[in-house]
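Ready for some practice in reading a protein chain? Work through the exercises below, then compare your steps with the solutions.

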Amino acid sequence: MKSVRFLILSLLLFNIAATRAEDSPIKIAALTENDYLDDVPQVLTISRLRQSSSDAPSASTIIDREMIRAAGIIDLPDIFRLVPGFYVGINAGFITNTNHTVSYHGFNDAYARRMQVLIDGRTVYEPLYGGVQWSELPITIEDIDRIEITRGPNAASYGANAFLGVINIITREATGSHLNRVSVNYGNGRKEVFYHYGSKINNLNYRISTGYKEDDGLSNRMDFKRTNLINARASYKISDVSNVEFQFGFASGEREEGNLDKDSLLMLPRTKDVYNHFELIKWNNQLSEDNSFYVQGYHALSQVDDDITSASLPLPIFPSIITLANDITFERYDIEAQQNININKNLRVIWGGSTRLDLLYSPFWIGNNKDNAFRLQRMFTQAEWSAHQNLLLNAGFMLEHNDFTGVDFSPRGSANIKLTPNQTIRLGFSQANRTPSYFEEKFRGSVTATTLIPNVSVLYQRYFDSGNLDPEKITSKEIGYLGQFSNFSIDAKLYDDEINHLIDSVTDTTFVAPPGYVLLTSGGQPVLPKTFINQGNVYMRGFETQMTWSMTDNTKLIGNYAYINITSSDEIDQKNRKDYRQSTPKNIASLLFTHRFNAQWDGSFAAYYTSAANGLGDGDFIKANARFDARLAKKFMLNHSDGEVSLNIQNITDEHDNEYADYNTLRRRAVLNVKLDF
């Protein structure tokens, strides 16, 4: 029934678009992503306006297809190692084994729930933990056109989850050009085959990607994963001023889970099934040269089938083994509209709003057998004013209402001062709110077992959230410098962030088992549940920079460095044993060197360094480590078809360092990639 409602909405939008286009006398070509990308570096994500990096209100990083190719990226999260201030850890958690952690400016945990991740403007975070299941996204590396990263709070544009930053993955357009591409990856425990096709039928341009990937994971983990996926993107030209875009994605597979060393009672090694899909429709309309708008709606569904068998529970009379279902179903409906207006040559404004409904079914974690509804409404506006030829002002805000925290307001403002045509100083201020996830607000996960004692059961209460949390609030100030010279560019910033009302877990010492239950004991003491509370403040101050040096026409060097200093209030130190000061490396650096030898051969070398850190949640203390990767590629022709073969080697030195936790040990990994276009 819900899918039918979404289909009716899609058809209604399509009909409105066609009717409006027939009545419109304006003959201006509808804007496409190519129009936005023809003058790189341009960013769309930060303020929802097309801007150069030097005009944008926050620091940003742009990763294009060539950079992804040169870095030899096979797992999408690895590309963020080349972004200043980002920490990436492979297969981070011991509950969700097969997922990377990707975090910015600290708070490194397996579910990294303080950053918004979008694919073509569609949010992909899941509400249960608030993080992103990177290994389950129904896209391939070949589908990506470029990635825009906002390095700083951006709730003014994208709402509550855009707390520390925003990642927007922009996929390749359906251009209508004929394309057949086969891509194969094969190496240490890795097998992947993908097929990409693009074509055109009258006014309909489309492309389709499908494939299969299998990864044995780390040698010391139960983290095998297998995924089948398909995605499609199409664009239908209604008129010279209007078009409709369609997107669809589907992924399914198996994931190994569990870690005996970390959880000897539950979450034991097992295999779970995962499944997800989404459908999106977007109507773009160019009312005039200075006035355009879009309406977008999408539906997303993800399911996890997970049967858990416990270890032998130490009950008062006899040991017991419990089997339970950890099935999770998440569904999202979202509709958004936005209008762009150029009021005059010096003032541009966008405004819009959205409404969202999330439905979450998770009996084990939430403690009920129903679809739990979460509703969210938003209104936003952004403005860019060229006050002087050397002064550009940006301002905007997001007003949100949600079922957990009520009304939240997130403003932002910046002043970009042109010292010279190629040098800019940026002064920025922003505030953002983060709505608690279900993990923090609603978890009531428990396991019960009967005993031989009449009317007495044993209760293992893992979480018992009290709820009614306030949103976390960040106040961010930054001073940035951008310089663009003949063959060298630099982007640097100093920042000062303060987080209030930090949400984190503590042991609930007041919890009492309900009548008819006794608490599970360990070492003679009752096992008390965790609950989440608002604690004190966290302060993050530091410096980061990214530099690009085009040494010759065929040689390029990209370097990044970040220094992060985190302190916390006494209130947090007293209530929580976790040390936020060590939750992320103080120093993170990366380097990518690329060189083209001739028309057929090219190669690259990448180096990554992180100082010591102690990850939150499932993490452990990890010493400083360095990793070195290399890639060598050759283009070739085969029966009039273009091809490329490349060898990607990760961790060349085979140092057995850890990432995020002591159960994630890196090994050398080599993967051979072959592509053929025909």
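**Exercise 1.** Find what share of the chain is buried.

*Solution.* Buried residues, those under 20% relative accessible area with a 1.4 Å probe and protein chains only, make up 58% of the 678 residues. Keep in mind that this is a predicted model, where local features need pLDDT of at least 70, side-chain atom pairs count only at pLDDT 80 or more, and totals for chains, interfaces and linings use all residues. Residues are numbered from 1 along each chain as its sequence is written, and side-chain values use heavy atoms, leaving out hydrogens and water.

**Exercise 2.** Work out how the five-stranded open sheet is ordered.

*Solution.* Start with the elements: the chain has seven helices and 44 strands, taken as DSSP runs (H or I, at least four residues, for helices; E, at least two, for strands) numbered from the N terminus. Next, read the order, E3-E8-E9-E6-E7, with mixed pairing; two strands pair if DSSP finds at least two bridges between them. The edges are E3 (60-64) and E7 (122-123), each pairing on one side only. Finally, E7 joins E6 (residues 116-119) in the antiparallel sense over two bridges, and Ile119 has Arg122 in E7 as its bridge partner.

**Exercise 3.** Which strands stand at the edges of the three-stranded sheet?

*Solution.* The order is E25-E26-E30, an open sheet with mixed pairing. Strands E25 (446-450) and E30 (517-519) each have a single partner strand, so one side of each is left without a neighbour in the sheet. Then look inside: E26 (residues 457-461) and E30 run parallel, joined by three bridges, and Leu459 stands opposite Leu519 in E30.

Note on methods: Buried means under 20% relative accessible area, exposed over 50%, partly exposed in between (1.4 Å probe, protein chains only).
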